[in-house]
Amino acid sequence: MSAPLLEVEGLSMRFGGLLAVDSVGFALQPREVFAIIGPNGAGKTTVFNCISGFYPPSAGRIVLAGRSIAGMGSHNVARRGVVRTFQNVRLFKSMTALENLLVAQHRQLRSTFVAGLFNTAGYRRAEQAAVDNAMQWLDFMGLRAYANRAAGNLPYGHQRRLEIARCMITRPQVLMLDEPAAGLNPQEKKDLQLLIDRLRREHGVAVLLIEHDMGLVMGVSERILVMEYGKPIATGTPAAIRNDERVIKAYLGEA
Ligand SMILES: Nc1ncnc2c1ncn2[C@@H]1O[C@H](COP(=O)(O)OP(=O)(O)OP(=O)(O)O)[C@@H](O)[C@H]1O
């Protein structure tokens with residue numbers, strides 16, 4: 001097995017008297033799809049918030065490609081190549097789909113900002129490259145026809161794909177998806193499964209997934225971590241997790 005891309009060890013997060021995450025650990029391999037499941041309130045999103053830099057963990061290590069990213073802040077974590085979506089779609093709703101993907105590239109464009117003041121050829125080239133890149137991602141997501149529509153007016157499933165494109169356009173190493181199937185119809189869920197697989201194979205990204213839809217989780221994940229009351233109770237392949245007594249009792253049995 002290759003060296004892990006992302007290592008989480010002894011991760012804990014306390015909110016006052018509540019230990020929302022209690023000694024969680026796992027290692028994400030390059031190009032792996034790794035799911036975190038568990039009942040409502042198990043602490044899954046809190047794990048995401050710690051890894052993506054929104055919360056400084058109370059304890060534990062979070063290491064990306066050998067370097068600690070714990071407590072670094074969300075912008076710095078994103079800059080290192082760990083990006084995420086949220087349970088509720090967060091797009092600039094009045095901007096067009098294309099503009100949302102241009103904004104996401106602002107960091108690359110900003111480096112040529114001074115050139116932009118003088119409207120140099122270099123700046124125009126960078127701007128054109130950003131538009132081309134955005135259009136390629138709209139194509140990849142089947143959204144080209146919606147390039148000039150306000151993001152907030154797109155059907156919900158399209159908004160979810162646009163949000164994933166907005167993450168991918170920054171060329172991340174780790175893509176974190178928080179309940180990406182929520183609100184999608186059965187066909188859109190199947191498409192999402194194919195999409196996640198393509199992102200990993202064609203764009204080399206590793207995917208961390210929080211999801212309640214067991215069909216998607218079992219179909220797309222290589223390994224699964226199960227949490228209950230903040231604690232990790234099992235990690236394994238979909239087949240192993242499906243047959244784990246504790247998991248069935250804690251989670252799958254509820255369905
Ligand atoms: N900022 C916060 N302040 C206080 N308590 C919090 C905070 N964020 C989460 N919690 C609590 O931590 C626990 C874990 O919440 P979390 O959202 O991580 O669970 P989850 O597994 O993602 O649940 P769901 O599947 O419903 O999204 C819950 O009891 C929640 O109320």
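How many residues of helix H1 (residues 44–51) are buried? The points below take this up, along with the ligand shell and the sheet.

1. The model is predicted. Eleven helices and ten strands make up the secondary structure of the chain. The radius of gyration is 19 Å, close to the 18 Å that the globule rule gives for 255 residues, so the chain is as compact as a globular protein of that length. Along its principal axes, the C-alpha trace spans about 65 × 40 × 40 Å. Of the 255 residues, 36% are buried. Among contacts between residues at least 6 apart in sequence, 66% join residues at least 24 apart.

2. Helix H1 is mostly covered, with seven of its eight residues buried. The buried ones are Lys44, Thr46, Val47, Phe48, Asn49, Cys50 and Ile51. After H1 comes Gly53, which has a positive phi, near 85 degrees.

3. The ligand is surrounded by Phe15, Leu18, Ala20, Gly38, Asn40, Gly41, Ala42, Gly43, Lys44, Thr45 and Thr46. By type, the shell has four nonpolar residues, six polar and one charged. At least two shell residues come from strand E2 (18–28), and at least two from H1. H1 gives the most, with three residues. Two residues of the shell, Lys44 and Thr46, are also on the list of buried residues in H1.

4. Six strands form an open sheet with mixed pairing, in the order E6-E7-E8-E3-E9-E10. Strand E6 (82–84) and strand E10 (231–236) stand at the edges; each has a single partner strand, so one side of each is left without a neighbour in the sheet. From one strand to the next, the twist averages 20 degrees.

5. Within this sheet, strand E3 (residues 33–37) and strand E9 (residues 223–228) run parallel and are joined by four bridges. Phe34 has Arg223 as its bridge partner in E9, and Ile37 stands opposite Val226. On to E10, the pairing with E9 is antiparallel, over five bridges. Here Val226 stands opposite Ala234. Val226 thus appears in both pairings, facing Ile37 of one and Ala234 of the other. E9 and E10 form a hairpin with two residues between them, and Tyr229 in the turn has a positive phi of about 45 degrees.

6. Which strands does H1 lie across? They are E3, E6, strand E7 (174–178), strand E8 (206–210) and E9, and H1 runs at about 150 degrees to E7. Helix H8 (residues 186–203) lies across E3, E7 and E8, and its direction is about 155 degrees to that of E8.

7. Is Val82 buried or exposed? This residue belongs to the edge strand E6. Val82 counts as buried because it has 26 C-beta neighbours inside 10 Å, where 20 or more are needed. Apart from neighbours within four places in sequence, Val82 is in contact with Ile51, Ser52, Leu64, Ile69, Val77, Pro172, Gln173, Val174 and Met176. One of these contacts, Ile51, is itself a buried residue of H1. Glu127 is 45 residues from Val82 in sequence, and the two are 24 Å apart in space, C-alpha to C-alpha.

Technical notes:
Residues numbered from 1 in each chain as written. Predicted model: local features only at pLDDT ≥ 70, side-chain atom pairs only at ≥ 80, totals over all residues. Buried ≥ 20, exposed ≤ 12 C-beta atoms within 10 Å, placed from the backbone. Near = placed C-beta within 6 Å. Nonpolar A, V, L, I, M, F, W, Y, C, P; charged D, E, K, R; others polar. Pairing = 2+ DSSP bridges. Axes fitted to C-alpha atoms, helices over the stretch in contact; angles between N-to-C directions. Contact = placed C-beta atoms within 7 Å. Rg over C-alpha atoms; globule rule 2.2 N^0.38 Å.
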